[in-house]
Amino acid sequence: MKLSESAALTLASQTLDAFKIEIPSWGFANTGTRFGKFVQAGAASTVEEKFADAAQVLRLTGATPTLALHVLWDLPHGVNDVPAVQALERRFGVRAGSINPNLFQDQEYKFGSLCNPSAAVRQQALAHVLDSIEIGKLLGSRDLSVWLPDGSNYPGTQSIRKRIGWLEEALCTAHATLAPEQRLLIEYKPFEPAFYHTDIADWGMSAHLARTAGDQARVLVDTGHHYATQNIEQIVAWLLHTGLLGGFHFNDRRYADDDLTLGSIDPYQVFRIFHEIQAATSDGLQLDVAFMIDQSHNLKGKIEATVQTVVTAQEIWLKAALVDRERLASVQQSCDLVAAEELFRGAFWRDVRPLIAAWRETRGLPIDPLAELRECGYVERINRERATRESAVSSYA
Ligand code: RM4
Ligand code: MN
Ligand code: MN
């Protein structure tokens, strides 16, 4: 049944009020490919600038109360940097979000971090993870997102099974130090930087490690970390069913881990993922899934790309909320394939922008966040102010 206009507006308001997505601090910094890095005058090079930019995105979209932090880039002195971050939280009205240990930049990690054959290097990596957990505790930030670059490039050069054992051991130790409200999210990725084997290559490996580590461990799905034809929403459905879905790193891709803007290549895939989550909620599953963005804006303006991403997420989340699930369940049950597909596609094709504009108006948000960003002069201002200092390029390719 098609909703009346006023029922759709009410549903839109409830849906959008509840929708929050975390933005990454590194999305505001200069990054690039492993070839040229094209620096932007207004790119953030300090954690203060990242918080300032995040506050703009929150002001424009109303949906991004937290900022994901990468320990090495944002808290280079570990727990000692916590008071400074807390001051920024207060000053900019943005909270610290997930904490991301960095296990891929130090020279010691050439042959791996938590899976390195050297016990000393494994210890160093574990100590960094434990520090990151401590940072999370002090900041009151719930999720620790662990991504490892570990793997090998050539067959026969490493014992894959020994490395599994080392990883299990490290994650169990890390899990034991979590505060009761903290979670350990384990991210997988099929390849890159390793090109023969990656120690946590897919969701099955993450799921096993999460179960082994303990009750507070979950799987983190980065949408860019799959082979090209993989059915990501099916993985999501399995993780929902098994209670192991902890969160997402959203981005889009055409080839590999491209870190392009969410929904820029395949918005229908985002819709299908969002549908699985909302269907699970309406089926009564208790979910606690963190929505995070993990993108690298190499060519687009960084704040502009972040705002565009959040707006796209709001649009697609609302489309998924407009699926008539009761009717869908009935046509699924009777195997009326075309009716089911048309109902599903119909929600995807619906232009929800007027509904979102109406919601923004009632919440005192700019009706067109991208236009407001252009008009408010913030980007020009930071381009001027930040142009004078040495431009820092993050090593993140
Ligand atoms: C990895 C992975 C991690 C991210 C790093 C920078 O590919 O997606 O989540 O923190 O890149
Ligand atoms: Mn990621
Ligand atoms: Mn990635």
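Here are some short exercises, with worked solutions, on side-chain contacts in the structure above.

This is a predicted model, so local features need pLDDT of at least 70, side-chain atom pairs count only at pLDDT 80 or more, and totals for chains, interfaces and linings use all residues. Residues are numbered from 1 along each chain as its sequence is written, chains are lettered from A and ligands numbered from 1 in the order written, and side-chain values use heavy atoms, with hydrogens and water left out.

**Exercise 1.** Classify the aromatic pair W73 and F104, and say where its two partners sit.

*Solution.* Start with the rule: rings of Phe, Tyr and Trp (its six-membered ring) pair if their centres lie within 6.5 Å, with planes under 30 degrees apart stacked, over 60 edge-to-face and the rest tilted. The whole structure holds 22 such pairs. For W73 and F104, the centres are 6.1 Å apart and the planes make 75°, so the pair is edge-to-face. Next, place them: W73 is in helix α3 (residues 71–74), while F104 is in the loop between β3 (95–100) and α5 (119–139), 31 residues apart. Helices here are DSSP runs (H or I, at least four residues), as are strands (E, at least two), numbered from the N terminus.

**Exercise 2.** Which residues do ring pairs link into a cluster?

*Solution.* Follow the pairs from ring to ring, and you get F19, F248, F250, F274, F291 and W317.

**Exercise 3.** Take the salt bridges D199 to R163 and E233 to R272: are the partners buried or exposed?

*Solution.* A salt bridge needs a side-chain nitrogen of Lys or Arg within 4 Å of a carboxyl oxygen of Asp or Glu, and the count comes to 18. D199 and R163 meet at 2.8 Å, N to O. They link distant parts of the chain, 36 residues apart, with R163 in helix α6 (residues 160–176). E233 and R272 meet at 2.5 Å, with E233 in helix α8 (residues 232–241) and R272 in helix α9 (residues 267–282). Now the accessibility: buried means under 20% relative accessible area, exposed over 50%, partly exposed in between (1.4 Å probe, protein chains only). D199 and R163 are buried, and both E233 and R272 are buried too.

**Exercise 4.** How far apart in helix α15 are R381 and E385?

*Solution.* Their side chains form a salt bridge at 3.4 Å, N to O. Being four residues apart in helix α15 (residues 378–387), they are separated by about one helical turn. For accessibility, R381 at 36% counts as partly exposed, and E385 at 47% does as well.
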